[in-house]
Amino acid sequence: MAEQSDVFGVELRRLRTAAGLSLATLAQQVHYSKGYLGKIETGLKQPGVDLARRCDAVLGAGGRLASLVDQPAPVSAPAAVAADGDGEVWVMSMAPDGSSWMVPMPRREAIATGAASLLGLTLGAPRSATASAAHDGTLAAFRSLFAQVRQLGQTTSPSVVLPMVTVHTHTLRGMANGAPTPVREELLGLAARYSEYAGWMAQEAGDDRAAMWWTRNAVEMGAAAGDTELATYSLIRQALITLYRDDAAGTVDLAQQAQAAPGTSPRVQGLAALREAQGHALACDYDNCQRALDRAAALLDRADASSGMTIGSASVSGADLNSLVAAWCMHDLGRSREAADVFDKQLALVPGTAHRTHARFGARRALAYAAAGDIDHASALATKVLDAADLVDSATVRQDLKRLARLLGRERDQAAVREVYPRLNAALRGPIH
């Protein structure tokens with residue numbers, strides 16, 4: 001650690017001197033105290049990645065300083081989405097007070113205890129001459145329900161949405177068991193989309209294992225329906241998990257695998273390029289980040305959003321997804337003021353009812369303002385974010401709130417911070433209230 005501090009401090013001083021900046025000027029631009037930076041340069045203080053990114057941006061070091069900071073080893077990557085042999089099932093239970101939860105159980109154990117009977121429900125397919133019309137009506141109803149469930153996911157907790165998605169997924173899969181081939185594929189394809197969304201809600205609930213279980217099932221059902229693109233999209237889902245584990249290399253690798261998969265639509269390739277850009281930004285690699293963002297913009301412009309049911313984020317409720325991700329990347333690259341400006345513009349286009357979008361990107365906006373030194377505005381934005389987060393109870397949002405708490409914690413002598421900090425701190429101890 002001491003050796004790392006010495007190397008970082010020497011390089012920081014060399015770059016600062018080459019740029020013609022005094023210690024006081026650099027401190028003002030990166031929003032750290034002159035005394036703290038002095039201790040960093042002399043090796044008395046351990047540098048953090050946040051400071052390194054800000055100095056990289058101001059000094060045009062291209063990630064050189066961030067590369068000198070020892071970051072915690074990333075948590076092990078999520079298991080690959082593949083068949084799991086004997087397998088397991090997830091059993092949902094409900095208490096008398098209405099609270100529900102899901103637990104994994106080996107398939108053999110579930111069969112032995114009778115729990116699998118709930119998951120083995122098979123709904124017979126209509127056999128009359130009107131079977132086709134009946135299936136058309138059923139599919140239309142479940143597609144409409146899916147749109148409503150996704151809308152509900154914007155406004156409430158995953159604990160509310162997941163039981164509904166679970167029931168709908170198993171119902172569709174059960175109906176598919178007795179349906180003729182063309183209808184079976186449609187039912188399985190729709191069940192796969194429900195399952196993929198359940199994976200996202202599980203991640204939002206903080207359960208990465210369940211997220212990958214649901215995603216694996218989506219891949220299997222999609223393949224049975226002739227939809228191989230869900231297998232590619234599962235790589236993007238895994239890359240989101242590695243991103244939130246601060247694993248830059250793993251995120252880039254998974255995103256590049258998704259882009260290289262044969263037969264992938266421009267939309268899914270575009271989403272994978274956005275994820276790759278986020279991975280490069282996490283590694284402070286500006287050039288590769290920008291190239292991935294440019295590639296994503298071109299691919300998403302070519303995508304035909306009207307063809308079939310959209311995989312992944314259908315939209316960001318009026319805002320431009322590419323711009324929001326670009327702002328996300330700017331903050332990670334230490335260009336927080338630019339990020340804040342883009343977030344302001346894009347989030348103004350998002351309806352107030354899209355609470356999950358406001359919580360997710362609003363937390364990044366508050367982070368950007370705090371990193372840019374505008375503590376009062378960051379504190380005001382934090383209050384708005386907490387209002388939205390209170391409704392959607394997102395584990396991923398809480399990770400950014402932790403970062404925000406660390407930044408604002410250095411400024412607790414300011415009145416705006418003292419006002420919001422107790423609520424921000426309380427939000428990190430569990431489900432937000």
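**Helices, cysteines and aromatic pairs in a predicted model**

C55 is buried, with a relative accessible area of 0%. This residue is a handy starting point for a walk through the structure, which is a predicted model.

The protein chain has 433 residues, and 52% of them count as buried. Its secondary structure consists of 21 helices and two strands. When contacts between residues at least 6 apart in sequence are considered, 67% of them join residues at least 24 apart. The accessible surface comes to about 19,100 Å², and carbon and sulfur atoms account for 54% of that area.

Cysteines invite a look at possible cross-links. A disulfide is a covalent bond between the sulfur atoms of two cysteines. A search of the whole structure finds zero disulfides. C329 helps to illustrate this result: its sulfur lies 3.8 Å from the closest cysteine sulfur, which belongs to C289, and this is too far for a bond, because a disulfide requires the two sulfur atoms to be within 2.5 Å. Like C55, C329 is buried, with a relative accessible area of 1%.

A loop residue comes next. L21 is found in the loop between α1 (2-18) and α2 (23-30). With a relative accessible area of 18%, L21 counts as buried, because the cut-off is under 20%. Leaving aside neighbours within four places in sequence, L21 is in contact with R16, L26, Q29, V58 and L59. For L59, which is 38 residues away along the chain, the C-alpha separation from L21 is 9.0 Å.

Aromatic rings offer another view of how parts of the chain meet. The count comes to seven aromatic pairs. In one of them, the rings of F142 and Y194 have centres 6.5 Å apart and planes at 80°, so the pair is edge-to-face. F142 belongs to helix α8 (residues 131-153) and Y194 to helix α10 (residues 181-204), so this pair ties together parts that are 52 residues apart in sequence. Both F142 and Y194 are buried. Together with F146 and Y197, these two residues form one aromatic cluster.

The rings of Y244 and W328 also make an edge-to-face pair, because their centres are 6.2 Å apart and their planes stand at 90°. Here, too, distant parts of the chain are linked: Y244 is in helix α12 (residues 229-244) and W328 in helix α16 (residues 321-332), 84 residues apart. Y244 and W328 are both buried.

W328 has a charged partner as well: the charged end of R364 sits over its ring, 4.1 Å from the centre. Similarly, the charged end of R410 sits over the ring of Y32, 4.2 Å from the ring centre.

Technical notes
Residues are numbered from 1 along each chain as its sequence is written. This is a predicted model: local features need pLDDT of at least 70, side-chain atom pairs count only at pLDDT 80 or more; totals for chains, interfaces and linings use all residues. Side-chain values use heavy atoms; hydrogens and water are left out. Helices (H or I, at least four residues) and strands (E, at least two) are DSSP runs, numbered from the N terminus. Buried means under 20% relative accessible area, exposed over 50%, partly exposed in between (1.4 Å probe, protein chains only). Contact means heavy atoms within 4.5 Å. Accessible areas come from the Shrake-Rupley method with a 1.4 Å probe; for residues, only the protein chains shown count as cover. Rings of Phe, Tyr and Trp (its six-membered ring) pair if their centres lie within 6.5 Å; planes under 30 degrees apart count as stacked, over 60 as edge-to-face and the rest as tilted. A charge sits over a ring if NZ of Lys or CZ of Arg is within 6 Å of the ring centre and within 35 degrees of the ring normal.
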